Amino acid sequence: MSTFEAVGGGANEIVNEIVLACRALAARGCDTGIGGHVSVRATGEDAFWINAFDRTLGEVTVDDVMKLDYDGNLLEGNREVSLGFEFHAGVYQHRSDVSAIVHSHGRWITALASLARPLKMRHNLCCIFHDDQVLSPDDRFESIGPAIETNHTVIIPWHGAITVGATLARAAALHATLEDQAQLDVTLEATDAPEIPEHLRLGLKKLVDDQAGYLEQTWTLMRRQGQRHLEAHPTG
Ligand SMILES: [Zn+2]
C-alpha cells in the first residue's frame, strides 16, 4: 500500500485531493519547474492547505502538503513554506466565495502570459472564461489582490496564471482548461483566426459550464489522470 492509499478521511481527504490535483496538472502540462501551487481553504479556520515550495507539481506527495495560517505559520506538516503563501492568504481573506486556488507556470499559460493580454475567445470551451478573467498589472500581490475582484482567472503578465473556485474541482479544472485554451490561442496568434462573436459567448458559457458541467466532468477526468500519475511515480 502506498503512502497515498494509507491516508483517508477528514483533513487527510483534503491532502489527498491536493496531491491528485497537483499530479493531474503535471500530467496536463503545468509541471514546468518549482513554483506551482494548489491550495484549499481549511473550513472554519483562518488557514489553508498548500503544497510545499521545493517540489514540482509532478513530485508532490501527501508528505509535501501542509497547513498554514494567514500569517504563514506552519500548523500541520513539516515542509518548507512557500514564498508565495501571501497570495493565497490574501485571496482567502478577500473572497469568501473562494475555497481553492491554483497557480502555475503551465507551458502554454506562460506563453499566453508573455503576450501580456487576456485569453482570446477562439473555442466554445473558452467561453467559460467569458467576462470572468482579468490581466493583473504586475505580479505583486498588492496588484493582483485588487485586480481579481469577482473574477476566477487572473493572467499574470510575463509570469503565469491563477485560477480560483468555490471548490478544488472548479479551480483545478479551470486551470487545466486555461492551459488547453492558452495553447490554442497562442498557436493561432500569428493567424487571422477570428474570435467567437461577442453576442454568442454568454450562451456558450452557460451551455458548457451550467448545462454540460464541463468543469466538473474535467475534474473527474483529472482525478483519474492524477491517480495514474501517482501510480506511475509514487514518490514523484
Ligand atoms: Zn508563480
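Two strands are taken to pair if DSSP finds at least two bridges between them. The views below show a predicted model, so please read them with that in mind.

**View 1. The whole chain, by confidence of the prediction.** The protein has a mean pLDDT of 93, and 96% of its residues reach 70 or more. Residues 1-9 are the stretch to treat with care, with pLDDT below 50. Beyond near neighbours in sequence, residues 1-9 have 14 contacts in the model. Where pLDDT is low, the predicted coordinates should not be read in detail.

**View 2. An open sheet of eight strands.** Following the sheet across, you meet the strands in the order S4-S3-S2-S1-S5-S8-S7-S6, and their pairing is mixed. Strand S4 (74-76) and strand S6 (133-135) form the edges, each pairing on one side only. On average, neighbouring strands of this sheet are turned by 25° against each other, direction ignored.

**View 3. The hairpin of S1 and S2.** Strand S1 (residues 37-41) and strand S2 (residues 47-51) run antiparallel and are joined by three bridges. To find your way along the pair, start at Arg-41, whose bridge partner in S2 is Phe-48. Val-40 stands opposite Trp-49 in S2, and Ser-39 has Ile-50 of S2 as its bridge partner. Five residues lie between the two strands of the hairpin, where Gly-44 takes a positive phi near 80°.

**View 4. Strand S1 and its two covered faces.** Is S1 mostly covered or mostly open? Five of its five residues are buried, so S1 is mostly covered by the definition that a buried residue has 20 or more other C-beta atoms within 10 Å of its own. One side carries His-37, Ser-39 and Arg-41, the other Val-38 and Val-40, and all of these are buried. In a regular strand the side chains alternate between the two faces of the sheet. S1 also pairs with S5 in the antiparallel sense over four bridges, and the bridge partner of His-37 in S5 is His-103.

**View 5. Strand S2 and its pairing with S3.** Why is S2 described as largely enclosed by the rest of the structure? Because four of its five residues are buried. S2 and S3 pair in the antiparallel sense over five bridges. Ile-50 serves as a landmark here, with Met-66 as its bridge partner in S3.

**View 6. Two helices lying across the strands.** Helix H3 (residues 85-94) lies across S1, S2, strand S3 (65-69), strand S5 (100-104) and strand S8 (160-165), and H3 runs at about 145° to S2. Helix H6 (residues 168-187) lies across S1, S5, strand S7 (153-156) and S8, with an angle of about 150° between H6 and S8.

**View 7. The contact of H6 with H8.** The axes of H6 and helix H8 (residues 214-232) come within 8 Å and cross at roughly 85°. That makes H6 roughly perpendicular to H8. From H6, look for Ala-169, Arg-170, Ala-172, Ala-173, Leu-174, Ala-176 and Thr-177, which meet Leu-215, Glu-216, Thr-218, Trp-219 and Met-222 in H8. The residues of this contact divide into eight nonpolar, two polar and two charged.

**View 8. Helix H4 and what covers it.** In helix H4 (residues 107-114), the buried residues are Trp-108, Ile-109, Thr-110, Leu-112 and Ala-113. Their cover includes helix H2 (10-30), S5, S7, S8 and H6. Just after H4, Ala-116 takes a positive phi of about 55°.

**View 9. Glu-17 in helix H2.** Is Glu-17 buried or exposed? Glu-17 is buried, because 22 other C-beta atoms lie within 10 Å. Glu-17 and Gly-226 are 209 residues apart along the chain, with 9.4 Å separating their C-alpha atoms.

Terms used:
Residues numbered from 1 in each chain as written. Axes fitted to C-alpha atoms, helices over the stretch in contact; angles between N-to-C directions. Contact = placed C-beta atoms within 7 Å. Buried ≥ 20, exposed ≤ 12 C-beta atoms within 10 Å, placed from the backbone. pLDDT = per-residue confidence, 0-100. Parallel < 35°, antiparallel > 145°, perpendicular 65-115°, else oblique. Nonpolar A, V, L, I, M, F, W, Y, C, P; charged D, E, K, R; others polar.
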